[in-house]
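I opened my notebook today to look at how the parts of one complex meet. Here is what I looked up, entry by entry.

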There are 2 protein chains.
Amino acid sequence: MQIDKSLMAGSTTLLILSLLREGEKYGYEMIAELARRSDDTFQLKEGTLYPILHGLEKEGAVKSCRREAENGRERKYYRITAAGLSLLEEKTQQWALFTEKVNAVIGAAVPAGV
Amino acid sequence: MQIDKSLMAGSTTLLILSLLREGEKYGYEMIAELARRSDDTFQLKEGTLYPILHGLEKEGAVKSCRREAENGRERKYYRITAAGLSLLEEKTQQWALFTEKVNAVIGAAVPAGV
DNA sequence: ATTCCATGCATAGACCATCTATGTATCAGG
DNA sequence: CCTGATACATAGATGGTCTATGCATGGAAT
């Protein structure tokens with residue numbers, strides 16, 4: 001099943017920050033990693049990811065540095081900052097609250113044992 | 001805590017159809033009901049709800065009829081159709097899949113026992 | 001050698017769902 | 001009378017994602 005695009009909105013930043021929490025990563029890698037962990041449910045496009053990363057850097061949530069990788073290619077590695085960590089925490093709490101409330105509404109419409 | 005607006009995108013239709021599954025309702029009532037069940041987390045605006053209802057009616061997921069209520073006011077009651085029920089089922093499954101995958105990604109970043 | 005594909009970053013414009021801001025109309029209460 | 005709650009409606013702004021495209025490099029195949 002394919003996920004409706006609009007559902008993705010709002011959670012992309014949460015997903016990206018979650019990945020960066022484990023260590024620095026570069027753009028292309030994050031796209032592949034998101035696809036892998038979600039069993040190809042999340043297939044983030046480059047045109048989506050890069051603007052988000054630039055925005056996060058602009059607000060100080062991540063920092064980047066260009067570096068040559070082992071394969072000789074130049075990559076731009078992103079690292080999460082202290083501000084990024086607290087942003088991640090906020091987003092995580094919002095996500096938990098949001099899913100809880102949605103489930104409260106739709107769950108009420110589909111009572112388990114009634 | 002206030003939920004980021006963009007998180008709402010995509011799930012509004014699911015919420016509305018869920019409400020209508022229990023029986024016919026009118027617009028103003030749905031807004032109040034959503035707020036109540038979500039402890040005021042979801043405060044849908046009229047400018048958001050009515051266009052959605054019109055769209056759902058256009059695609060045959062709901063049907064409406066104007067009727068005078070006990071209080072003498074004229075209301076527009078919406079009823080979910082068979083097509084609406086299958087749309088609801090699809091949206092519900094998408095929601096379940098989506099939350100599962102998001103949790104897989106962000107959960108992987110915060111392993112419980114490691 | 002040349003072509004093609006994967007890697008890797010980047011941006012402009014389109015798209016779509018929601019919000020803001022209004023507008024209309026009725027009814028109850030001060 | 002005038003305000004506020006009820007009730008529906010629409011236009012325009014906003015914001016996040018997608019599509020499409022561009023550039024550049026390296027490896028593999030013909």
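How many residue pairs are in polar contact across the interface of chain A and chain B? I found 6 such pairs, counting those with both residues at pLDDT 80 or more. I keep in mind that this is a predicted model.

Entry on the helices: I checked which elements of chain A touch chain B. Helices H1 (5-8), H2 (12-20), H3 (27-37) and H5 (82-109) of chain A each bring at least two residues to that side. H5(A) gives the largest share, 15 residues. Sorting the residues on this side of chain A, I got 20 nonpolar, 11 polar and 7 charged.

Entry on the extent of the contact: I noted 38 residues from chain A and 38 residues from chain B. Together the two chains bury about 3600 Å², and 73% of that is on carbon and sulfur atoms.

Entry on charges: I counted 2 salt bridges between chain A and chain B. One of them joins the side chains of Asp39(A) and Lys101(B), at 2.7 Å from N to O.

Entry on the DNA: I then turned to DNA strand C, which has 23 residues around it. Among the closest are Arg75(A), Lys76(A) and Thr48(B). Thr48(B) places a polar side-chain atom 2.3 Å from a phosphate oxygen of the strand, and for Tyr26(A) I read 3.1 Å to a phosphate oxygen. Arg73(B) meets a base instead: a side-chain N or O atom is 2.9 Å from a base oxygen.

Last entry: the largest share of the surface near DNA strand C comes from H4(A), with 5 residues. I sorted that surface into 7 nonpolar, 8 polar and 8 charged residues.

Note on methods. Residues numbered from 1 in each chain as written. Chains lettered and ligands numbered in written order. Predicted model: local features only at pLDDT ≥ 70, side-chain atom pairs only at ≥ 80, totals over all residues. Heavy atoms only, no water. Contact = heavy atoms within 4.5 Å. Buried area = accessible area lost by both parts, 1.4 Å probe. Salt bridge = Lys/Arg side-chain N within 4 Å of Asp/Glu carboxyl O. Polar contact = N/O pair within 3.5 Å; in protein donor to acceptor, adjacent residues only side chain to side chain. Helix = DSSP H or I, 4+ residues; strand = E, 2+ residues; numbered from the N terminus. Nonpolar A, V, L, I, M, F, W, Y, C, P; charged D, E, K, R; others polar. Near = heavy atom within 4 Å.
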